[in-house]
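Biologist: Could you take a close look at the cysteines for me, and then at the aromatic rings? I'd like to know what is bonded, what isn't, and where the side chains sit.

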Amino acid sequence: MLLLILFQLNMEARLMNWGTRNWKHRERNPVSAACSVLVLTLLAVALAQERWFWLHGGGCNTSTLGIIQFLGGHFTASSEKHTTFYSSKHELLTNCVTTEIVQQMRMILAFILLTLCCTLFTFVLDTIGVTSRFLKVIRRTAIGSIITVLLCCGICGFCYWITVLLVEWQNTTMPPSSYKVTVRFDIGFYLTAGAGTVAVITTAANSLRRYPPETDDEQGLTENELSPSHSQRESSLQALPSAAPPPPYSP
């Protein structure tokens with residue numbers, strides 16, 4: 001009977017300390033989480049922008065192009081040579097883009113969505129904390145932030161490629177009254193570049209932080225078992241009356 005009481009008290013103490021032990025040893029990084037929120041905000045604003053490229057001097061009927069314009073839409077047939085009509089959600093783009101340019105725009109759109117998912121994953125790891133050894137390795141080595149930086153660099157590379165294609169096409173469709181074609185980056189590009197820069201800071205906040213080795217974590221877990229509530233349980237166990245000794249043996 002006494003053994004059952006001891007076992008029950010021991011199990012109750014372990015259950016009470018299990019939640020506190022797990023909560024205290026979750027790794028969080030508020031600096032990295034704040035940077036991830038900033039990256040998410042910059043990318044969301046850039047995605048909604050209709051000013052990624054600024055055009056002047058060519059045959060395009062608009063001066064700005066955005067990524068969101070090519071989320072849907074299609075080309076309209078044209079009988080004239082060197083003339084394209086692309087129907088987007090809000091307007092009809094005349095002599096602005098070609099099939100290759102639209103493909104690159106949609107690649108940027110896909111990269112932005114991947115970057116948002118990767119940054120959101122990094123934010124969740126930094127906010128809720130992790131106890132799994134595998135997730136700890138992912139967070140400590142800043143794999144999510146590194147992928148975000150690489151994706152932002154890829155987006156900037158696609159943007160440069162698009163400017164080259166736009167210059168070639170605008171020179172082809174340039175009216176006689178114009179003498180020079182100009183294509184420049186606009187707000188959406190600079191917001192994405194800023195998001196990549198903040199992602200570099202997120203990477204540094206995770207990878208340069210000092211973490212205790214795994215042995216110290218396990219030692220902290222065992223030491224945490226000796227909490228005040230646990231020691232009170234031990235003292236209460238010691239206060240219990242001891243069992244009476246067995247009677248002396250008599251033949």
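Modeller: Here is a walk through the cysteines, followed by one group of aromatic rings. Keep in mind that this is a predicted model.

Let's start with the bonded pair. The structure has one disulfide, and it links Cys60 to Cys96 with an S to S distance of 1.8 Å. The torsion about that S-S bond is about 85°, so the disulfide is right-handed. As for what it connects, Cys60 sits in the loop between strand 1 (53–56) and strand 2 (64–65), while Cys96 sits in the loop between strand 5 (92–94) and helix 3 (99–128), so the bond ties together parts that are 36 residues apart in sequence. Both ends are tucked away: Cys60 counts as buried at 14% relative accessibility, and Cys96 counts as buried at 0%.

Now for some cysteines that are too far apart to bond. Take Cys118: its closest cysteine sulfur belongs to Cys117, and at 8.7 Å that is too far for a bond, given that a disulfide needs the sulfurs within 2.5 Å. Cys118 is buried too, with a relative accessible area of 13%. Cys152 tells a similar story: the closest cysteine sulfur, in Cys156, is 6.9 Å away, again too far for a bond. Cys152 is buried, with a relative accessible area of 3%.

On to the rings. The count comes to six aromatic pairs. One of them is Phe53 with Phe185, a tilted pair at 6.5 Å centre to centre with 50° between the planes. This pair links distant parts of the chain, since Phe53 is in strand 1 and Phe185 is in strand 6 (residues 182–185), 132 residues apart. The two partners differ in exposure: Phe53 counts as buried at 0% relative accessibility, whereas Phe185 counts as partly exposed at 24%.

Another pair is Phe189 with Tyr190, and this one is edge-to-face, at 5.4 Å centre to centre with 80° between the planes. Here Phe189 is buried, with a relative accessible area of 12%, but Tyr190 is exposed, at 52%. Put these rings together and you get one aromatic cluster made of Phe53, Phe185, Phe189 and Tyr190. So if you're tracing that cluster on screen, you'll go from buried Phe53 and partly exposed Phe185 to buried Phe189 and exposed Tyr190.

Note on methods
Residues are numbered from 1 along each chain as its sequence is written. This is a predicted model: local features need pLDDT of at least 70, side-chain atom pairs count only at pLDDT 80 or more; totals for chains, interfaces and linings use all residues. Side-chain values use heavy atoms; hydrogens and water are left out. Helices (H or I, at least four residues) and strands (E, at least two) are DSSP runs, numbered from the N terminus. Buried means under 20% relative accessible area, exposed over 50%, partly exposed in between (1.4 Å probe, protein chains only). Rings of Phe, Tyr and Trp (its six-membered ring) pair if their centres lie within 6.5 Å; planes under 30 degrees apart count as stacked, over 60 as edge-to-face and the rest as tilted.
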